[in-house]
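Open the structure in your viewer and keep the selection tool at hand. The stops below are meant to be taken in order.

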Amino acid sequence: MNMPRFNMNWIYGIVIMLLAFLYITSGRDSSSVKTETSYSDFKVMVMKGYADKIVVNKYQSSLEMYVKPEHIRDVFHQGVQQTGKSPTVTVAIGSVDQVEQFINKAREEKKFSGKFQYDNSKENDFFNSLLMNILFFAGIIFVWMFIMRRMGGGAGMGGGGGIFSVGKSKAQMYEKGGDLGITFKDVAGQAGAKQEMQEIVDFLKNPQKYTNLGGKIPKGALLVGPPGTGKTLLAKAVAGEAGVPFFSMSGSDFVEMFVGVGASRVRDLFEKAKQKAPCIIFIDEIDAVGRARSKNPAMGGNDERENTLNALLTEMDGFGTNSGIITLAATNRADMLDSALMRAGRFDRQIHVDLPDLNERLEVFKVHLKPLKLDENLDIEFLARQTPGFSGADIANVCNEAALIAARHNSDKVGKQDFLDAVDRIIGGLEKKTKVMTDQEKRSIAIHEAGHATISWFTEFADPLVKVSIVPRGRALGAAWYLPEERVLQTKQAMLDEMCSLLGGRAAEELFIGSISTGAMNDLERTTKQAYGMVAYAGMSDKLPNLCYYNNNEYSFQRPYSETTAKIMDDEVLKMVNEQYERAKQILTEHKEGHAQLAQLLVEREVIFADDVEKIFGKRPWTSRAEELIEAQQRAEAEAMAERRAKELEAEAKALEAPAKEEDAPEAPADADNN
């Protein structure tokens with residue numbers, strides 16, 4: 001029978017309700033009004049016939065007179081709703097005998113016909129009331145302490161059996177990992193990560209193969225990588241391939257406002273996992289609880305996150321044994337994790353899930369393009385080359401945005417131009433063609449963007465130009481698109497060329513407008529950060545060569561260098577930026593006529609491509625494979641834009657012809673509706 005399990009919490013709840021009921025109902029009707037008066041006024045009230053019952057308490061030398069309902073307003077000057085049904089008048093008395101004589105006289109004169117009695121049970125009223133109050137509050141304190149012990153996972157409570165199950169683990173369990181429906185086939189790219197994860201699957205499927213040789217099954221693997229690269233997807237694929245129970249939860253699920261709940265949930269999670277072994281525990285965003293512990297905690301403080309981390313460390317590799325349990329975790333901030341958590345025996349392996357390269361992006365595109373209706377001429381490799389630095393999540397977003405853009409243009413299929421527009425939309429933001437700008441502002445933006453394009457064309461290691469636009473997007477008034485080379489290492493000259501290209505916009509404003517504007521704020525920010533990175537971290541300055549001042553200690557409040565070194569850094573950064581700024585001005589001065597033509601072309605067309613720049617400046621002195629792809633892209637974009645413009649003109653012509661045909665059409669007969 002599906003009967004509910006007995007729970008001691010029911011007993012505690014019933015006890016609390018009984019104590020509250022006894023406390024509320026103790027004594028007489030507490031809702032009725034009580035007032036005090038003198039003995040002489042009491043005698044007057046009795047002689048007027050107001051008394052309904054009189055109770056004398058000999059031990060307290062007082063009496064209580066209950067007033068008749070019809071005389072309540074005469075005594076209390078209020079109605080029954082305000083005074084209650086049994087209002088009383090309390091009177092202090094000197095002698096009980098005098099009260100008896102007065103009552104007998106009132107009975108003889110027929111002024112009082114009610115009950116007259118003595119209340120002998122009141123002798124212990126004070127002590128009874130005191131005892132009841134003490135018991136009530138003692139019961140509340142006892143229950144509260146018990147609840148706190150249960151919430152804190154007190155002794156004898158096991159793994160998280162707190163009241164209302166607040167200490168229970170919130171992990172979502174899949175009895176069979178295959179229920180998720182995800183395998184390694186659904187994970188595109190990441191060949192190296194999949195290979196390491198495949199070994200874990202083999203451990204779970206055939207552990208004897210490794211234990212026979214004396215090996216041990218690894219206890220854990222940490223997936224490290226930027227956001228959106230597929231760390232969670234890889235963990236699900238491992239569970240799907242292994243076909244074992246899979247516990248999934250987030251690091252934030254351990255964090256709670258109650259003391260001890262996080263540690264209790266950790267213990268409960270591993271207790272459940274032991275019962276299902278062999279199994280997998282997956283903790284997403286483990287940095288929520290695994291952050292490095294402070295070396296100088298507050299005196300007497302109780303850091304709940306540290307308690308949770310200590311419990312996790314003990315469960316993963318402590319005195320107890322967790323055979324058959326493999327812990328997977330994911331984070332994009334591995335540098336912030338505690339060193340005790342990262343050691344071998346807890347997380348034996350660190351699997352780096354990096355941003356996909358060209359071939360991996362091609363595989364990711366093939367996965368996300370399956371549900372889309374694509375143009376037959378779409379080149380998937382071309383799309384992969386247009387998205388350097390994109391994660392798997394970014395590529396999924398590109399595919400979705402392309403489908404939405406194609407639907408917005410009433411297209412039957414998703415074409416190349418839709419994907420290019422989607423990339424522009426994600427990188428730069430939505431076009432704001434309705435933004436009002438003066439001719440002077442428009443020309444100033446064109447000169448700025450033409451400066452970037454000119455510098456990038458004449459610097460060897462600058463990224464190849466794709467297109468330049470002065471159409472506002474997002475918060476930017478103009479933008480230049482580049483196709484960066486996917487280099488593993490960055491040289492000093494390449495970084496200087498990039499800085500020079502970034503400063504080209506500000507240099508063009510100063511040279512050809514005569515004044516500078518706030519349009520270069522983003523360029524200056526990127527340039528300054530890159531210069532400080534080169535000086536402080538990469539050791540690429542003249543006065544501080546081969547030195548790195550990077551400090552990963554988040555609890556350190558001091559810089560790892562002196563004030564003198566900081567001054568040298570500032571001077572080196574200023575010198576480096578100024579040198580590249582002067583270099584940018586020199587290049588622009590040498591090619592000022594071509595820059596002017598480029599800026600004028602931007603004002604007229606708003607968007608120009610690398611082909612247009614090549615017509616003005618000639619072939620770029622330095623060519624690369626990326627530039628060959630850009631040339632093919634320019635031709636494809638030009639053809640696509642011309643085709644789309646032709647369709648728009650055709651649609652406008654049809655829209656203009658439709659009203660004319662309606663005017664020339666003959667009138668319908670009167671009985672057309674009946675027909």
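**Stop one: a sheet**

Select leucine 465 and then tyrosine 482, its bridge partner in E13. Bear in mind that this is a predicted model.

Now widen the selection to strand E12, residues 465–469, which pairs with E13 in the antiparallel sense over 4 bridges. Add the third strand, E14: the open sheet has the order E13-E12-E14, and its pairing is antiparallel. Which are the edge strands? They are E13, at 479–482, and E14, at 607–609, and each of them pairs on one side only. Looking along the sheet, neighbouring strands are turned by 15° against each other on average, with direction ignored. In general, the strands of a sheet pair through backbone hydrogen bonds, either parallel or antiparallel.

**Stop two: a helix across the sheet**

Select residues 592–605, which make up helix H23. Helix H23 lies across E12 and E14, and runs at about 130° to E14.

**Stop three: helix H21**

Move to residues 521–537, the 17 residues of helix H21. From its first C-alpha to its last, H21 reaches 23 Å, close to the 24 Å expected at 1.5 Å a residue.

Which residues of H21 are buried? Colour Asp523, Thr527, Gln530 and Ala531, then Gly533, Met534, Val535 and Ala536; these are buried. To see what covers the buried residues of H21, show helix H18 (439–457), helix H19 (492–502) and helix H22 (563–590), which are among the elements that do so.

Finish at glycine 539, just after H21, where phi is positive at about 65°.

Technical notes:
Residues are numbered from 1 along each chain as its sequence is written. This is a predicted model: local features need pLDDT of at least 70, side-chain atom pairs count only at pLDDT 80 or more; totals for chains, interfaces and linings use all residues. Side-chain values use heavy atoms; hydrogens and water are left out. Two strands pair if DSSP finds at least two bridges between them. Helices (H or I, at least four residues) and strands (E, at least two) are DSSP runs, numbered from the N terminus. Axes are lines fitted to C-alpha atoms, for helices over the stretch in contact, and angles run from 0 to 180 degrees between N-to-C directions. Contact means heavy atoms within 4.5 Å. The expected span of a helix is 1.5 Å times one less than its number of residues. Buried means under 20% relative accessible area, exposed over 50%, partly exposed in between (1.4 Å probe, protein chains only).
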